[in-house]
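Visitor: I should like a close look at a single part of this structure, followed by an account of how that part sits within the whole. Please proceed from one end of the chosen part and then move outward.

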Amino acid sequence: MNNNPNVQINIFHSLFQGREDVFAVRWEKSGKSGYMPAYRYDPYYYGYIK
């Protein structure tokens, strides 16, 4: 195994790379709060051929 910190960081980033189309949204209701997953959806992006 390579002990070079830069190589290890690159491996970590490649394994745990975040998705840009899914993100958290904070909610509040009746004195409670939390986070829930949300996503960006463009109905014209999927399956649309120009």
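Guide: At the N-terminal end of helix H1, Asn4 acts as the cap. In this predicted model, a side-chain oxygen of Asn4 lies 3.0 Å from the backbone nitrogen of Asn6. The helix that begins here spans residues 5-15, and it is hardly covered, since the count of buried residues among its eleven residues is zero.

Ile11, Phe12, Leu15 and Phe16 together make a nonpolar surface patch of about 470 Å². Of these four, Phe16 lies in the loop that joins H1 to strand E1, the latter running over residues 22-29. Phe16 has a relative accessible area of 58% and is therefore classed as exposed, the cut-off being over 50%.

The surroundings of the helix may now be described. The protein contains one helix and two strands, arranged along the sequence in the pattern α-β-β. Of its 50 residues, 4% are buried. The exposed area of the protein is about 5,400 Å², of which carbon and sulfur atoms supply 56%.

Beyond the loop that holds Phe16 comes strand E1 (22-29). A salt bridge links Arg26 and Glu28, with their closest N and O atoms 3.6 Å apart. Such a pairing is possible because side chains of opposite charge can pair when their charged atoms come close. The separation of 3.6 Å falls within the 4 Å limit, so the contact qualifies as a salt bridge. By this rule the count for the structure is one. The two partners fall into separate exposure classes: Arg26, at a relative accessible area of 45%, is partly exposed, whereas Glu28, at 63%, is exposed.

The chain then enters the loop between E1 and E2, where Ser30 is found. Ser30 has a positive phi of about 50 degrees, although it is not a glycine. Its relative accessible area is 73%, so Ser30 is exposed.

Strand E2 covers residues 32-39 and includes Pro37. With a relative accessible area of 69%, Pro37 is likewise exposed. Pro37 and Ala24 are separated by 13 residues in sequence, while their C-alpha atoms are 4.6 Å apart in space.

To return to the part from which this account set out: H1 carries a cap from Asn4 at its N-terminal end and has no buried residue among its eleven. Ile11, Phe12 and Leu15 contribute to the nonpolar patch together with Phe16, which is placed in the loop after the helix.

Methods. Residues are numbered from 1 along each chain as its sequence is written. This is a predicted model: local features need pLDDT of at least 70, side-chain atom pairs count only at pLDDT 80 or more; totals for chains, interfaces and linings use all residues. Side-chain values use heavy atoms; hydrogens and water are left out. Patches are made of residues with over 30% relative accessible area and no salt bridge: like charges are joined within 9 Å, nonpolar side chains (Val, Leu, Ile, Met, Phe, Trp, Tyr) within 5 Å. Accessible areas come from the Shrake-Rupley method with a 1.4 Å probe; for residues, only the protein chains shown count as cover. A salt bridge is a side-chain nitrogen of Lys or Arg within 4 Å of a carboxyl oxygen of Asp or Glu. Buried means under 20% relative accessible area, exposed over 50%, partly exposed in between (1.4 Å probe, protein chains only). A polar contact is a pair of N or O atoms within 3.5 Å; within protein, one must be able to donate a hydrogen and the other to accept it, and residues adjacent in sequence count only if both atoms are side-chain atoms.
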